[in-house]
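Please help me read this protein structure step by step, with each term explained as it comes up.

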Amino acid sequence: MDYGKFKYEAAQKEKEARRNQANTILKEVRFRLKIEAHDYTTKLKRAEGFLKAGDKVKAMILFRGREQSRPEQGVRLLRKFAEDVAEFGTVESNPTIDGRNMVMVVAPLKSKSEAKQEQNAVRDAQRADKKQAAREAKNEAAATTAE
């Protein structure tokens, strides 16, 4: 075997290993107790994107003034949030009060590396489709000029 070929293949293996390597990050989504439906759906979609990417999500409700005397409403909101993201993640820690905030952590169903491998596979498939379309267009252009 050629030494240059060996070095090239080793470099390709290292590159592929680096591509699939990933660290799980804790992302944060903040709510207020009196959140409107549209704002809630926006925050929900953001959290779903984080979970699909394999990151953990920390859902936090900020209490102000008299809202602090109503923690059961915060628990209700976080439970609703947990139900809505159930297909993307599971509750890692139940709602807990931390000063003026109520916090809950949701972990993704698939790991970060699995999500990244899936993403890379989709990207590679799209590149292959583009190359195939370009080849076909080139062949058609060559056929029409030959006539």
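What follows is a set of questions and replies on strands, salt bridges, one helix residue and a pocket.

Me: Before we start, what kind of model is this, and how are residues numbered?
Reply: Residues are numbered from 1 along each chain as its sequence is written. Side-chain values use heavy atoms, with hydrogens and water left out, and local features need pLDDT of at least 70, side-chain atom pairs count only at pLDDT 80 or more, and totals for chains, interfaces and linings use all residues, since this is a predicted model.

Me: In which sense do strands β3 and β4 pair?
Reply: Helices (H or I, at least four residues) and strands (E, at least two) are DSSP runs, numbered from the N terminus, and two strands pair if DSSP finds at least two bridges between them. Strand β3 covers residues 89-98 and strand β4 covers residues 101-108, and seven bridges link them. The sense of their pairing is antiparallel.

Me: Which residue in β4 is the bridge partner of Val91?
Reply: β3 and β4 form a hairpin with two residues between them, and Gly99 in the turn has a positive phi of about 70 degrees. Within β4, the bridge partner of Val91 is Val106.

Me: How many salt bridges does a search of the whole structure find?
Reply: A salt bridge is counted when a side-chain nitrogen of Lys or Arg lies within 4 Å of a carboxyl oxygen of Asp or Glu. With that rule applied to the whole structure, the number of salt bridges found is four.

Me: How far apart are the closest N and O atoms of Lys58 and Glu28?
Reply: Glu28 also forms a salt bridge with Arg30, where the closest N and O atoms are 2.6 Å apart. For the salt bridge between Lys58 and Glu28, the separation of the closest N and O atoms is 4.0 Å.

Me: Why does the pair of Lys58 and Glu28 tie together parts that are apart in sequence?
Reply: Glu28 lies in strand β1 (residues 26-32) while Lys58 lies in strand β2 (residues 56-62), so the parts that this pair ties together are apart in sequence by 30 residues.

Me: Is Glu67, the salt-bridge partner of Arg32, buried or exposed?
Reply: The closest N and O atoms of Arg32 and Glu67 are 3.5 Å apart, and Arg32 lies in strand β1 whereas Glu67 lies in the loop between β2 and α3 (71-84). Buried means under 20% relative accessible area, exposed over 50%, and partly exposed in between, using a 1.4 Å probe and protein chains only. Arg32, with 30%, is partly exposed, whereas Glu67, with a relative accessible area of 10%, is buried.

Me: Which residues does Val75 touch, not counting residues up to four places away in sequence?
Reply: Val75 lies in helix α3 and counts as partly exposed at 27% relative accessibility. Contact means heavy atoms within 4.5 Å, and by that rule, leaving out residues up to four places away in sequence, Val75 touches Pro95 and Met102.

Me: Which helix gives the most to the lining of the largest pocket?
Reply: On a 1 Å grid over the protein atoms alone, a pocket is an open set of points where a 1.4 Å probe fits, with protein on both sides within 12 Å along at least five of seven lines, and lining residues have an atom within 4 Å of a point. Residues that line the largest pocket include Leu51, Phe88 and Lys112, and α2 (37-52) and α4 (112-146) each supply at least two residues of the lining. With five residues, the helix that gives the most is α4.
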